[in-house]
Amino acid sequence: MASASFKQSQAEKVLLLGITGITGRCALSGLLSGGLQPSQLIAVSRNPNSAAAQEVAQQGIEVVAGDLDAPATLAPHLGSVGSVYCHALSGDAASADPAELARGRALAQLLAGRDMRLVVYNSSAGRGSNAGISQMDQKHAVEDVLLGAGLPGLALEATMFMEEFWKKYTRPGLLKGSFTFSLPGDRPLQLVAARDVGLAAATALTSSNPGEWAGQRLPLAGDELTPLQMCEAFSKAQGGMPIKHSCPPAWLFWFLSRDLWRITTFLRETGFDADVAACRQRVPGVLTFEQFLAATCWGDAARTYEQGIRFDGPLPAAGKRLAVHK
């Protein structure tokens, strides 16, 4: 719940950037679950009349027109803003969008000299891995811009989004009992729900002392499972259907996308190193993978990623770690 000091002493609102996409709306669910009220939020959209922007507006959130490619369009909306949550500065793509870094610089310049409580950025874990993954490296470059601009910045460094498994390259096969994922069956993978990036942001933004969060880079993971453990979780969510894992060789991805090959190699050989227990302690309420599947009604085959992911299912109590198949 939002702290009393936040509600009483701060008339400023929280500006939301990149929130109208699918994972952005998942993060919005976390922001609201974390205690922020719709009336405290202003969401920026290039097209406030789009279906996605209207879905945000229907939750009681003010949606305004703005575009960081034309920073002056945001200036009229900053008068009542005291904090920022930036979920994304570019769309989901196979490689980094050069405009992402330019937009990060534009945001830093736009906020320079303003009295900000906290500027929260959804980034990527894996800093210092030297994996050569363009999307990861560019997010870290944006982090450096925002945290190096004299702003009270907080970088939430997300591990792999649980929402990825909802996409059309994974979910249809899983619903038929096949989990094709290029990671050995006993290799642990750290995961976090995009919803919980929003929850972490809300935890910081509603803190009675947001300065405690400023200047930090916080790797985020809500769970760590092997593909075989994930098969058990999927099976449970699908009413006990057996799920079989298959692991294509990493070299196949070399011919599809160099960045995809680098991501696969990184997950196989290095992986993320967030402290899951510390994340759960610092951000109470982050979902385990099993809870995520239940909360998003994974077992409902009629639901698709393209429809948007809704957190309207039950949240089961966290149970024991699923055993690895031998």
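## The seven-stranded sheet

In this predicted model, seven strands line up as an open sheet in the order β3-β2-β1-β4-β5-β6-β10, and the pairing is parallel. The edges belong to β3 (62–65) and β10 (216–220); each has a single partner strand, so one side of each is left without a neighbour in the sheet. Going from strand to neighbouring strand, the average turn is 20°, with direction ignored.

For a look at the pairing itself, take β1 (residues 13–17) and β2 (residues 41–45): these two run parallel and are joined by three bridges. Within that pair, L16 sits opposite A43 of β2. Helix α5 (residues 134–147) packs on this sheet, where it touches β5 (118–124), β6 (153–158) and β10. The direction of α5 makes about 165° with that of β5. Since angles over 145 degrees count as roughly antiparallel, α5 is roughly antiparallel to β5.

## α5 and its helix neighbour

So what does α5 do on the helix side? Helix α4 (residues 99–111) comes along, with the two axes within 9 Å and crossing at roughly 15°. Anything under 35 degrees counts as roughly parallel, and α4 and α5 are therefore roughly parallel to each other. The crossing of α4 past α5 is right-handed.

On the α4 side, the contact is made by E100, L101, G104, R105, L107 and A108, and α5 brings Q138, K139, A141, V142, V145 and L146. Sort the residues of this contact by class and you get seven nonpolar, two polar and three charged.

## α2 against α7

Another helix pair to check is α2 (residues 22–33) with α7 (residues 194–205), whose axes are 6 Å apart and pack at an angle of about 40°. That angle makes α2 oblique to α7. Their crossing is right-handed.

Which residues make the contact between α2 and α7? From α2 there are T23, C26, A27, S29, G30, L31 and S33, while α7 supplies A194, R195, G198, L199, A201, A202 and L205. By class, the contact of α2 with α7 has eight nonpolar residues, five polar ones and one charged.

## The three-stranded sheet

There is also an open sheet of three strands, ordered β7-β9-β11, and here the pairing is mixed. β7 (160–161) and β11 (223–225) stand at the edges with a single partner strand each, so one side of each has no neighbour in the sheet.

β7 and β9 (residues 189–192) run parallel and are joined by two bridges. If you want a spot to click on, M160 has L191 in β9 as its bridge partner.

## An aromatic pair across the chain

Searching the whole structure for aromatic pairs turns up 13 of them. One of these is W166 with W298, an edge-to-face pair with 5.3 Å centre to centre and 80° between the planes. The edge-to-face label applies because planes over 60 degrees apart fall in that class.

Where along the chain do W166 and W298 sit? W166 is in the loop between β7 and α6 (171–175), whereas W298 is in the segment after α11 (289–295). The two are 132 residues apart, and the pair links distant parts of the chain.

How values were computed
Residues numbered from 1 in each chain as written. Predicted model: local features only at pLDDT ≥ 70, side-chain atom pairs only at ≥ 80, totals over all residues. Heavy atoms only, no water. Pairing = 2+ DSSP bridges. Helix = DSSP H or I, 4+ residues; strand = E, 2+ residues; numbered from the N terminus. Axes fitted to C-alpha atoms, helices over the stretch in contact; angles between N-to-C directions. Parallel < 35°, antiparallel > 145°, perpendicular 65-115°, else oblique. Left-handed = near helix turned anticlockwise from the far one by under 90°. Contact = heavy atoms within 4.5 Å. Nonpolar A, V, L, I, M, F, W, Y, C, P; charged D, E, K, R; others polar. Phe/Tyr/Trp six-rings, centres within 6.5 Å; stacked < 30°, edge-to-face > 60°.
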